[in-house]
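Here is a short report on one strand and one pocket. Look at the structure first, then read on.

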Amino acid sequence: LETMRARTGHILVRPLIEGRDFGWFLLDTGAGAMVIDPKVADELQMPAMGEVTVMGVGGAVVSRFRVGKEFALGPLSFSDVTYVECDLGPPSAIMRVPLAGIVGYDVFARAVVEFDMATPEVRIHDPAGYELQDARWQELYFSRKHPVIESEFEGNRRGYFVLDTGSNARLGFYPAGVERFDLLNGRTTRTGRAGGFSGQTITFRAGRVEWFRLGENVIDNPGASFHTERQGFTADEHMTGIIGGGLL
């Protein structure tokens, strides 16, 4: 796919909406739905319907659905697309790239998507004919349409982590994980702050863990955020934390 790395590290792609190119979309495994900016939806005269609560970094915001006819990304296309409407002005300003939307769960549920975060390079495949080369599969779970893997980290602890390319963070521990494993005890940290797409912010403790295993790779001394306030997505009691694009 045609890709670009934003100044924040996020990976952007260019799909076609109703056969037209409206610019860059964030490729976000952590998005449980497709997202479209209201300016694009209005130009295409997409019908609006209903109401939806969107969970972000700092909490919940109320939005609505917009209904599209066709979405295409590389060789993949599907019709009757339901988007969540979201003003993408704040993240566009941060990335210094106008965002038309976010590619989320609907694409990942239909395809095999390969990421090379370092290049960056993204390839999309039909699952029916895909064969994994020079790698090994790892079991994947889903929580609220978010992909989750089980990983090990310092002290031979094990937990469940959301894979989120929509986050440019490295490694984050949710309050439930911080409390369960007593991760702040004796650890040197400082205050950190993160922002979400809706302009909301959240504070956390920033520090490091001795090591973290991602697949067959052991990463030594990665930076990590330790969340203590149950806000937005960090309020999930079942997840230990999040693996962001920075670690990938």
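This is a predicted model. Start with a single pairing: Ile36 has Gly101 of β9 as its bridge partner. That contact belongs to a wider match, in which strand β5 (residues 34-36) runs antiparallel to β9 over 2 bridges.

Strand β9 has another partner. Strand β4 (residues 24-27) pairs with β9 in the parallel sense, through 4 bridges. Here Trp24 is bridged to Leu99 of β9.

The two pairings can be set out like this.

| Strand paired with β9 | Sense | Bridges | A residue and its partner in β9 |
|---|---|---|---|
| β4 (residues 24-27) | parallel | 4 bridges | Trp24 and Leu99 |
| β5 (residues 34-36) | antiparallel | 2 bridges | Ile36 and Gly101 |

Is strand β9 largely enclosed or open? Buried means under 20% relative accessible area. In β9 (residues 99-103), 5 of the 5 residues are buried, so the rest of the structure largely encloses this strand.

Now turn to the empty space. The second largest pocket holds about 1400 Å³. Its lining is made of 33 residues. Nearest the centre of this pocket lie Val113, Phe115, Arg136, Trp137 and Leu163.

Which element gives the most to this lining? Strand β10 does, with 4 residues. At least two residues each come from α3 (105-108), β10 (112-116) and β13 (146-153).

What kinds of residue line the second largest pocket? The lining has 22 nonpolar, 5 polar and 6 charged residues.

Conventions
Residues numbered from 1 in each chain as written. Predicted model: local features only at pLDDT ≥ 70, side-chain atom pairs only at ≥ 80, totals over all residues. Heavy atoms only, no water. 1 Å grid on protein atoms, 1.4 Å probe; cavity = no way out; pocket = protein on both sides within 12 Å on 5 of 7 lines; lining within 4 Å. Points joined across faces, edges and corners; volume = space filled by probe spheres on them. Nonpolar A, V, L, I, M, F, W, Y, C, P; charged D, E, K, R; others polar. Buried < 20%, exposed > 50% of the residue type's maximum accessible area, 1.4 Å probe, protein only. Pairing = 2+ DSSP bridges.
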